[in-house]
Structure formats: structure tokens, C-alpha cells
Amino acid sequence: MAIHIAPTLLALVTVGVFFPSTVTSSVLQKLAAVDTCLTTAGVPTYASGSADFTQAIKPFNLRLPFTPVALAVPSTVAHVQAAVSCAASLGITVSAKSGGHSYASHGIGGENGHLIVDMLYFNNITVDKSSSTAMVGTGARLGNVATALYNQGGQAISHGTCPGVGVGGLALHGGYGFSSHTHGLTLDGILEATVVLANSTVVTASATQNPDLFWALRGAGASFGIVTNFKFQTFTAPSPNIVFTYMFSFGSQQQAVSAISAIQTYTRSTMPTELNMRFTINPYSTTLSGVYYGSQAAFTAAIQPLLSTMPAPLYNTVQSMGWLDTLTAYSNGALATTLNYDYHETFFAKSLMPSELSDAAITAFVAYWFNTAKSNTRDWYVMMDLHGGAGSAISKVAADATSYAHRDAIFKFQFYDRVDSGTYPSNGFPFLNGWVGSITSAMPNTTFGMYINYADSSLTADQAHTAYWLDHYPKLTTIKMAYDPKKVFSNPQAILST
Ligand SMILES: Cc1cc2nc3c(=O)[nH]c(=O)nc-3n(C[C@H](O)[C@H](O)[C@H](O)COP(=O)(O)OP(=O)(O)OC[C@H]3O[C@@H](n4cnc5c(N)ncnc54)[C@H](O)[C@@H]3O)c2cc1C
């Protein structure tokens, strides 16, 4: 892709190419000023309206397109500093973009008018096997991270399943996949982060350097700066692993209620650390799938207490695989991801992170599934990750060790509804809100957490703050005021957004 030094935006904006004719002259002056500032500072940009610019701002979620004032494509930390300095001096809000997979398009601001700092060229990955650590640029995509770590000494970190997701956004807000029950979240593996702050200085955040910032970054990173690099603790990529799927059919709501109840009991107390599992419902199938790190015999012994409480599966596969094949089994395609990654969907999604589900909540969830969801012919799914419990590496970390606020969540629910083409229908919102509401209404005195990596665009700022960060939110606001009092880094659901 060609990099351009930003041309003057003013002429383009004046003829109404990028913004409606209602933009004020002060906005036009700001656009011109940021353009001039970036050019003067030598910050590479994609020219507004160019093919590269248009491609770079195309969101993963096509339902939520936004237009930034400018898009920087830095290749050095000094470029990032200069870009932040330009925006801060002009009162323009800044958003970093790594893989651009935010469900609410927060990587392109989540609203119009931001300066986007696209980290795609920060994609170096270097392993130091002697210390089991790796330096990883935040713009690197998960598939490329996994492959490079493995090729440089058989190393791995815990991360999500989709190879196109950027490690920047994923790691700064959680990072859950089929190794998290065993090894923790991606953010649990961060030893250090290199951060460009709102005042455009560069600092290291770690347990010993700027520890308050380090705490905030691991769960709410987008609000505190632009992270250019992570230093991760790595582990030896496990192999061979047991990769499995069991497919079920529940003949009655009561049978489904009993199964989910059994899964909850198993997750809470019996599920071993080595087992990673997800219960998935979609219009076509109901499956329990995952990865076990150990022998076939140990897996059989580990899963048996759960299977013995469930109806006999219709079908199952249990295979032994090496590490990269294990990841590929759940990646929906090859791990390698190119710079011109171009996959998108049109969808609405929600999440829920309950520490437990009451019998009434499970019953209401299943009733909605059978009575409402089964008649929805769109391409919806619900994934219920077995996130916490006594054996979970996530739950073993102290609740207040990082700003990630969901250590005690037994399940991580994702509710997702998409269309293959065209506009997402207005009745999709009540469909998923109703499904989540079936659970929350059955437990009226519970405050439910939600996962910001599945950002729910229908939440107000206040709702988002409570759901994403629970009782960590007040501390996050204090740290925000210390590092970014003018809210240079923000989006509609960021810390202190209104
Ligand atoms: C197809 C798909 C599969 C997914 N699978 C999983 C999964 O298995 N597990 C899981 O946990 N999540 C998963 N997610 C959710 C994913 O973790 C989040 O959407 C994540 O925030 C995306 O990160 P990104 O860098 O790609 O996105 P972006 O949109 O670029 O960024 C997301 C947020 O992080 C901020 N940010 C990005 N880079 C930086 C940086 N360098 N410094 C500071 N802030 C930054 C952005 O400003 C934005 O607020 C999936 C999402 C999709 C679309």
C-alpha cells in the first residue's frame, strides 16, 4: 500500500466530499490544521478519500461506519508521538486502530471526526526464548503472532480464535480463547507496554514502572494512550492437544435447562485447568467444543463427569493435533493474515458475564431460545464460554490485579446476529436485547458485567461504564484524570465519556 503525506483536506471538505455541508468553518479550519500539522511533522498518512484511506476506515462491522478527520500510518514511535501532539494541540480526539475488529468500530473512533492512528506497521514479533518473552507490535494480527511465536522457538501466548483480530485491541481489553482457562487472558501475559501518552511522551508501563497505568491498560487500554509494543510472557506451545466437538439435540426445554445447569456446576467446581470449552447454540446445531491440553486418556477422564449428566451426543469428534493445527481448527481459515485483510460482517452483538445463573435465569434463557430464537431465520448464534470457576487461570488472578473486571464470571456469553447482505434490520436489536433481558430480568438484583471486546453499540456511556468495568470504574476515572485529563483518547464508551 502506498503511503502519502497528507494533502490539504480543506479543498476536499469544502466541496462536501467527506462531510455534510453543515460543517462549520471552525471544523474546516481544524481539518486543515491537522493536515498541515501532520505534514509538517512528517507523519505518514493515507490521504482522505484515497483508496487506502477508504479501505483502512472500512469497519469490521459494516453496520457502524465512521469518518475520521485524518488517518496516520506511523512506522516509528516518534510518528505516533507527533500525531498525538498534533491532535491534542487542536482539540481533536485520538483513537488507535490495530486490527479494526471492534464491534462498535471504536478503532475508527466509534463516531465521526477522530484522528485515527493506524498501527498496522507496528507488526514486528521477536521471541527471546531464553527468558520466555516476546516483543510484539500492537498492529500485529493474532494469526501472524501465533505463527511467529511458534516458528521462533515453539512459543505461544493465550489469545482469541480469529486470526485477523489485532493483538492491540484484544490484549488491552481482555483476550479470551481456547487456552485461557489454562493460561489466562491475553492481558494476563503482558509484562510491559510501551505507551504514547496524551502529552505525547513515551513511557513504559509494567508492574514496577507506572503501575497505575499498567493496571488501567489491562482492561481499558483504549482510554489511556497508544500502546506501540507489548512484552509478553510466553509459554511452550503445547502439543499434541485434544481438539473436540460434541453435538447435542435437546428434545425439550427441560432437557436443555438440565444440560446448562450441569455445565454450570461442572465449570464451577470440577472442570480441570487443562480443559477449555464453549457451548454454542445456532439455528442449525448445539455443540460443546474445545481443547484439552493433555493425553487422550486424561481428556476422557476429565470430560466424563459432565458427559454423564448430558443426553448422548448425536455426533462427536475427538482429535489429537499439534499447536498450530489446534489454532487453525478454530480459526475459520488460514492463520496467516496479510496487510490488506478485507473481511467484514453486518451485525449486532451483545455479551454477558454472569458470576452465576439462577435456575430461573437458565429457564428463561432456554424459553427464549426455544420460543423466540428458533423462529428467527437469520444467522444468529450464542456462544457460552466456560470462563471461570475453581480451575480457571482467569479466576485464579486476584479480582483487582488488573482493570479487567470479570474474574469471577462463570460464563462469557456472546449473543451475535448478522445479515449476509444489506442493512441490519431494526427488529434485530430487540431480538438480542430480549434474549439478554431474559436472563437479567430473572435476576433483578444482580449487576451484570459485559465484555468490552464485544462492545455493544446500544449501551449509553453510563451503561457501558458500569457493565464493562463494574466496581473498577471509579479507580479508572482517577487514573484517567492523571494521565489524560483533556480526554485526548476517547470514544463513545471510553472512560469518562458522556
Ligand atoms: C471476527 C472476530 C473474532 C473475535 N474473536 C475473539 C476471541 O476469540 N476472543 C476475544 O477475546 N475477542 C474476540 N473478538 C473481539 C476482539 O477481541 C475485539 O474486537 C478487539 O478489541 C479487537 O481488537 P482490534 O485491534 O482488532 O480492533 P480495533 O478496532 O483496532 O481496536 C479495538 C479497541 O482497542 C483500541 N486500540 C487498538 N489498538 C490500540 C493500541 N495500540 N493502543 C491503544 N488502544 C488501542 C481501539 O482504539 C479500540 O477502542 C473478536 C472479534 C471479531 C470481529
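Me: Starting with a definition from my notes: two strands pair if DSSP finds at least two bridges between them. How many bridges join strand 7 to strand 11 here?

Reply: Five bridges link strand 7 (residues 133-137) and strand 11, and the two run antiparallel. Keep in mind that this is a predicted model. For one spot along that pairing, look at Gly137, which stands opposite Asn229 in strand 11.

Me: Which sheet are those two in, and in what order do its strands come?

Reply: They belong to an open sheet of five strands, ordered 6-7-11-9-10, with antiparallel pairing. At the edges are strand 6 (125-128) and strand 10 (202-206), each of which pairs on one side only. From one strand to the next, the twist averages 15°.

Me: What holds strands together in a sheet, generally?

Reply: Backbone hydrogen bonds do the pairing, and the strands can be parallel or antiparallel.

Me: Nice. Which strands does helix 5 lie across?

Reply: Helix 5 (residues 142-151) lies across strand 6 and strand 7, at about 35° to strand 6. Helix 8 (residues 211-220) packs on the sheet too, touching strand 9 (190-196), strand 10 and strand 11. The direction of helix 8 makes about 100° with that of strand 9.

Me: I also see a sheet with seven strands. What's its order?

Reply: That open sheet goes 16-13-15-14-18-19-17, again with antiparallel pairing. Strand 16 (315-321) and strand 17 (346-352) are the edge strands, each pairing on one side only. Neighbouring strands are turned against each other by 15° on average, if you ignore direction.

Me: How many bridges join strand 13 to strand 16?

Reply: Seven, and strand 13 (residues 241-248) runs antiparallel to strand 16. Within that pairing, Tyr246 has Asn316 as its bridge partner in strand 16. Helix 10 (residues 296-307) packs on this sheet, where it touches strands 13, 14 (275-281), 15 (286-292) and 16. Its direction is about 30° from that of strand 13.

Me: Changing topic: the ligand! How many residues surround it?

Reply: There are 33, and the closest are Ala96, Ser98, Tyr176, Tyr451 and Asn453. By type, the shell divides into 14 nonpolar residues, 18 polar ones and one charged.

Me: Which helix gives the most to that shell?

Reply: Helix 6 does, with five residues. Strand 4 (94-97), helix 6 (167-173) and strand 11 (226-233) each supply at least two. So strand 11, which you met in the five-strand sheet, turns up again around the ligand.

Me: Which atoms of the protein come within polar reach of the ligand's oxygen and nitrogen atoms?

Reply: Here are some examples. An N or O atom in the side chain of Tyr451 is 2.6 Å from a ligand oxygen. A backbone N or O atom of Val227 is 2.8 Å from a ligand nitrogen. A polar backbone atom of His101 is 3.0 Å from a ligand oxygen.

Me: And how much of the ligand's accessible area does the protein cover?

Reply: The protein covers 94% of the 950 Å² that the ligand has on its own.

Me: Last one, backbone oddities. Which residues does a cis peptide bond join?

Reply: Ser239 and Pro240, with omega at about -5°. Most peptide bonds are trans, and most residues other than glycine have a negative phi. Ser105 has a positive phi, near 60°, and sits in the loop between strand 4 and strand 5 (115-118).

Me: Where does Pro240 lie, then?

Reply: In the loop between strand 12 (235-236) and strand 13. Leaving aside residues up to four places away in sequence, Pro240 touches Gly294, Ser320 and Met321.

Terms used:
Residues numbered from 1 in each chain as written. Predicted model: local features only at pLDDT ≥ 70, side-chain atom pairs only at ≥ 80, totals over all residues. Heavy atoms only, no water. Helix = DSSP H or I, 4+ residues; strand = E, 2+ residues; numbered from the N terminus. Axes fitted to C-alpha atoms, helices over the stretch in contact; angles between N-to-C directions. Contact = heavy atoms within 4.5 Å. Near = heavy atom within 4 Å. Polar contact = N/O pair within 3.5 Å; in protein donor to acceptor, adjacent residues only side chain to side chain. Areas by Shrake-Rupley, 256 points an atom, 1.4 Å probe, with all protein chains shown as cover. Nonpolar A, V, L, I, M, F, W, Y, C, P; charged D, E, K, R; others polar.
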